[in-house]
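Open the structure in your viewer and keep the selection panel at hand. The tour below goes from stop to stop, saying what to select and what is there.

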Amino acid sequence: MKKVLIISYYWPPGSGAGVFRWLKFSKYLRNHGWEPVVYTAKNPEAQGTDHTLTADIPWGMAVIRRTAIEPYGLYKILTGRKKNEKIQAGFLRTHRKPGIFEKLSTWIRGNLFIPDARKFWIRPSARYLLKWLKKNPVDAIISTGPPHSMHLIALRIKEKTGIPWMADFRDPWTQIDYYDKLMLTKRADALHKKLEQKVLMTADKLVTVSHHCAEYLKITERQEIHVVTNGFDPDDFQDLPSFDAREFSITHLGSMNADRNPNMLWKVLSELVLSDPFFSEFLHIRFIGHVDYSVRESLQNHSISAFAAYNYPMPYRQALANAANSAILLLPLNNTSNVMGITTGKLFDYIGLKRPILCIGPPEGDAAAIIRGTRSGKTVGFDDEEKCRETLLQWAASFRKGQLRPRGQSVNDYTRKELAGQIALLLDEMSE
């Protein structure tokens, strides 16, 4: 087999959205003639820990773990966090509004840690891997970001060795939804963009997760950016509980930050609770994962807190089992400038669960296109109360008849095995 070195900060037993994409690609690349070797951090500041995910690491696959220099110890001291408390992505805050020290830490993060807080790992990683590659040659290199420091490690190796390099953008760089929250100076903004352009111009292949994301990355003379979406692994959905819920449950799986808080939905549900006895008796809103304090406040303001239950993050398969027994799966997208290209990993988990998806976001966005194409749910605009109410009433009527299910799905294009084949084809082209 050909060999590919994958540089990924996130890896099991860490959990969170950043883990799954290349864990699953690694699981299936051998089927397509590529043997993966993963370089990752021994001590990552991951969103959580899930040791069950290590079962997906292919038997005998090499995983190189090296200690990363992390500045988060000081950040936690400044912001009053405990040493073992996890830093949540996307500016999610579970308890309080940001204080002066948190704002200062955000400024430091954006202006001094460029491109991100893993910048101190770039030079030692490149130095180590250059020595390692002399004894362990590979046919290609893949870097996946964020954190985009992984791309800068690969960039240094590419410049020294010429090994074909694929840069995978799970999220954009300067177009990411929280970029404008980093309080960047003109100098810092210019440096971010300079590094981004160098990566985009130097990598042999550029890959991202959605068509609009590809458009965001077209900021250089290069125009060819390949789209390989996220997906789901059918192996993860074997033997899940059959749907037999007695409650009209609406479940959100994963983190919900302030940008994803669907205020319009809470307003519509509060009105339905007052006007329709079915909703006041059977409605149940479930959160599995971290929830921003603003979400809890919204539910209180709309007088529907009593219908909500909050669950801390749990192992992946356990979370899927809980979500499988939900009437509706909630997918609120970030109400930000880059929303058209957002296709979160949970979208594909929802498709694998085969329960109706209620997406709150632009009907013309990439997530909406996937939901239409798979016939797996409906997308409602951020402010479209009428369509939201109509959809909920329609699904409630089907629920009462025992007929609430997606109309029928065409999902083969989104299986991890199929998507790994797309990656392998790009690797084959790049390494010829």
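Which residue of β14 does Leu330 stand opposite? Select both strands to find out. The partner is Leu358 in β14. Before going further, note that this is a predicted model.

**Stop 1: strand β13**

Keep residues 328-332 selected, which make up strand β13. Five of its five residues are buried, so the strand counts as mostly covered under the cut-off of 20% relative accessible area. In a regular strand the side chains alternate between the two faces of the sheet. Color the two faces of β13 separately: Ile328, Leu330 and Pro332 lie on one side, and Leu329 and Leu331 on the other. Both faces are covered.

Now add the strands that pair with β13. Strand β14, residues 357-360, runs parallel to β13 and is joined to it by four bridges. Strand β10 also pairs with β13 in the parallel sense, over two bridges. Here Thr251 stands opposite Leu329 in β13.

**Stop 2: a buried lysine**

Select Lys346, which is in helix α12, residues 345-353. Is this lysine buried or exposed? Lys346 is buried, yet has no salt bridge. The nearest side chain of opposite charge is that of Asp349, 8.1 Å away. A salt bridge needs the nitrogen and oxygen atoms to be within 4 Å. Show what surrounds Lys346, leaving aside its neighbours within four places in sequence: the contacts are His252, Leu253, Gly254, Ser255, Arg260 and Leu331. Leu331 was part of the previous stop, as one of the buried residues of β13.

**Stop 3: the open sheet**

Next, show seven strands together: β5, β3, β1, β6, β7, β8 and β9, which form an open sheet in that order with parallel pairing. Look for the edges, β5 (63-66) and β9 (226-227), each of which pairs on one side only. Then zoom in on β1 (residues 2-7) and β3 (residues 34-41), which pair in the parallel sense over six bridges. Ile7 has Tyr39 in β3 as its bridge partner.

**Stop 4: salt bridges**

How many salt bridges does the structure hold? The count is 17. Pick out three of them.

Select Asp235 and Lys27, whose closest N and O atoms are 3.0 Å apart. Asp235 lies in the loop between β9 and β10, while Lys27 belongs to helix α1 (residues 17-29), so this salt bridge ties together parts that are 208 residues apart in sequence. Asp235 is partly exposed at 43% relative accessibility, and Lys27 is buried at 19%.

Move to Glu35 and Arg30, which form a salt bridge with closest N and O atoms 2.7 Å apart. Glu35 is buried, with a relative accessible area of 16%, whereas Arg30 is partly exposed at 24%.

For the third pair, select Glu215 and Lys218, where the closest N and O atoms are 3.2 Å apart. Glu215 is partly exposed at 47% relative accessibility, and Lys218 is partly exposed at 29%. Salt bridges with shared partners also join Lys24, Lys27, Asp56, Asp233, Asp235 and Asp236 into one network.

**Stop 5: the loop between α3 and α4**

Select the loop between α3 (100-111) and α4 (122-135), where Leu112 is placed. Leu112 counts as partly exposed, at 47% relative accessibility. Add Trp107 and Met183 to the selection: together with Leu112 they make a nonpolar surface patch of about 270 Å².

Ala117 is found in this loop too. Ala117 is buried, with a relative accessible area of 5%. Draw a distance from its C-alpha atom to that of Val38: the two are separated by 21 Å and lie 79 residues apart along the chain.

**Stop 6: helix α10**

Finish with residues 293-301, helix α10. Which of its residues are buried? They are Tyr293, Ser294, Val295, Ser298 and Leu299. Show what these residues pack against: α8 (263-275), β11 (283-288) and β12 (308-311). After the helix comes Ser303, which has a positive phi, near 60°.

Definitions and conventions: Residues are numbered from 1 along each chain as its sequence is written. This is a predicted model: local features need pLDDT of at least 70, side-chain atom pairs count only at pLDDT 80 or more; totals for chains, interfaces and linings use all residues. Side-chain values use heavy atoms; hydrogens and water are left out. Buried means under 20% relative accessible area, exposed over 50%, partly exposed in between (1.4 Å probe, protein chains only). Contact means heavy atoms within 4.5 Å. Two strands pair if DSSP finds at least two bridges between them. Lys and Arg count as positive and Asp and Glu as negative; His and the chain ends are not counted. Patches are made of residues with over 30% relative accessible area and no salt bridge: like charges are joined within 9 Å, nonpolar side chains (Val, Leu, Ile, Met, Phe, Trp, Tyr) within 5 Å. Accessible areas come from the Shrake-Rupley method with a 1.4 Å probe; for residues, only the protein chains shown count as cover.
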